[in-house]
Amino acid sequence: MNEHAGTHKLIYDISRCELVIFDCDGVIVDSERLSASVDERVLNSLGWTIKAPEIARLYLGRSQEEFHSDVSQRLNIPETWHRQFLGWYDEAFRTQLRPVPGARELVEALRVPYCIASNSSARSISYKLDICGLTDLFSSRMFSAEMVGRPKPAPDIHLAIMDRYSVAPENCLIIEDSPRGVESAVRAGARVIALRSELVDPHALASADHIVDSLDDIQGLLIGGNS
């Protein structure tokens, strides 16, 4: 359907929604832009002259293991290259990481089960949620691609979560911000809302059922049908 933000037009019978699955980075915590900025510093220091938008195009939505492996191959350096820069990321996250605007309000307003499904490690998810003060919302609702065979864009993690909650794909709504995440949700057979990002060409999100500019737009879609 691919409606644009601001219409608040129902993308399907919202009363059928029995489960909402959120991506973490870029949807719940505003980490994608921050990560890309630090990645730029790191990769430039390693001799790869590349800017944050190009880094996002190459790696947004990919697992850390994929990122580390690809950089290792491109620069012909050990896959452990990233360890010397962990402090750079830690300092940036501790001092600058914030929730995506509207994240807490949207989650607290939901009247159906919800959870996080991320390509990040379980440790990384917990770490970022803790910094953002959102752990209380997701303490037992965090799922990492580490738990399944393949990361997004494979549908494995989404299908595993639907099975755990005993929810059919057509009754599941997935919220993503990356092309890989959207592809995973579509392949899983769920409805998908894409959250627009300055790092992503909106045309790369075109397979989503709906593209919105903010979580407030999503709240208008969901809560109106579940009040």
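**Aromatic pairs, cores and pockets**

Across the whole structure, a search finds seven aromatic pairs. Allow me to begin with one of them: Tyr59 and Phe67 are arranged edge-to-face, at 4.8 Å centre to centre and with 65 degrees between the planes. Both partners, Tyr59 and Phe67, are buried. Please bear in mind throughout that this is a predicted model.

A further pair joins Phe85 and Trp88. Their ring centres are 5.0 Å apart and their planes stand at 70 degrees, over the 60 that is required, so this pair too is classed as edge-to-face. Are the two residues buried or exposed? Phe85 has 5% relative accessibility, which is under the 20% limit, and therefore counts as buried. Trp88, at 30%, falls between 20% and 50% and so counts as partly exposed.

There is also an aromatic cluster, formed by Phe22, Tyr114 and Phe138. That brings me to the interior. In soluble globular proteins, nonpolar side chains tend to be buried together. Here the largest nonpolar core has 48 residues. Which residues have the most contacts inside it? They are Val20, Phe22, Ile28, Leu129 and Phe138. Two of these names, Phe22 and Phe138, we have just met in the aromatic cluster. Leaving aside neighbours within four places in sequence, Phe138 is in contact with Phe22 and Tyr114, its partners in the cluster, and with Ile28, Val107, Cys115, Ile116 and Leu129. Apart from this core lies another, of 24 residues, including Leu19, Ala117, Ile174 and Ala194.

Ala194 leads us to Val182, a residue of helix α9. Val182 has a relative accessible area of 1%, and is therefore buried. Not counting residues up to four places away in sequence, Val182 touches Ala194 as well as Glu176, Val192, Leu205, Ser207 and Ala208. From Val182 to Pro113 there are 69 residues along the chain, and their C-alpha atoms are separated by 20 Å.

Compare that with Leu110, in the loop between α5 (103–109) and β2 (114–118). Leu110 is buried, because its relative accessible area of 11% is under 20%. Although Leu110 and Val20 are 90 residues apart in sequence, the C-alpha atoms of the two are 8.7 Å apart in space.

I turn now to the pockets. The largest pocket holds about 940 Å³ of space. Its lining comprises 36 residues, and Gln64, Phe93, Ser120, Ser124 and Lys128 lie nearest the centre. Which helices supply at least two residues each to this lining? They are α1 (32–45), α2 (52–59), α3 (64–75), α4 (86–96), α6 (122–131) and α9 (179–187). The last of these, α9, is the helix in which Val182 has its place. By class, the lining of the largest pocket contains 11 nonpolar, 13 polar and 12 charged residues.

The second largest pocket has about 250 Å³ of space. It is lined by 16 residues, of which Gly26, Asp30, Arg33, Val100 and Arg196 are the closest to its centre. At least two lining residues come from each of α1 and α10 (215–223), and α1 also contributes at least two to the lining of the largest pocket. How is the lining of the second largest pocket divided by class? There are five nonpolar, three polar and eight charged residues.

Key: Residues numbered from 1 in each chain as written. Predicted model: local features only at pLDDT ≥ 70, side-chain atom pairs only at ≥ 80, totals over all residues. Heavy atoms only, no water. Core = buried A, V, L, I, M, F, W, Y, C linked by side-chain atoms within 4.5 Å. Buried < 20%, exposed > 50% of the residue type's maximum accessible area, 1.4 Å probe, protein only. Contact = heavy atoms within 4.5 Å. 1 Å grid on protein atoms, 1.4 Å probe; cavity = no way out; pocket = protein on both sides within 12 Å on 5 of 7 lines; lining within 4 Å. Points joined across faces, edges and corners; volume = space filled by probe spheres on them. Helix = DSSP H or I, 4+ residues; strand = E, 2+ residues; numbered from the N terminus. Nonpolar A, V, L, I, M, F, W, Y, C, P; charged D, E, K, R; others polar. Phe/Tyr/Trp six-rings, centres within 6.5 Å; stacked < 30°, edge-to-face > 60°.
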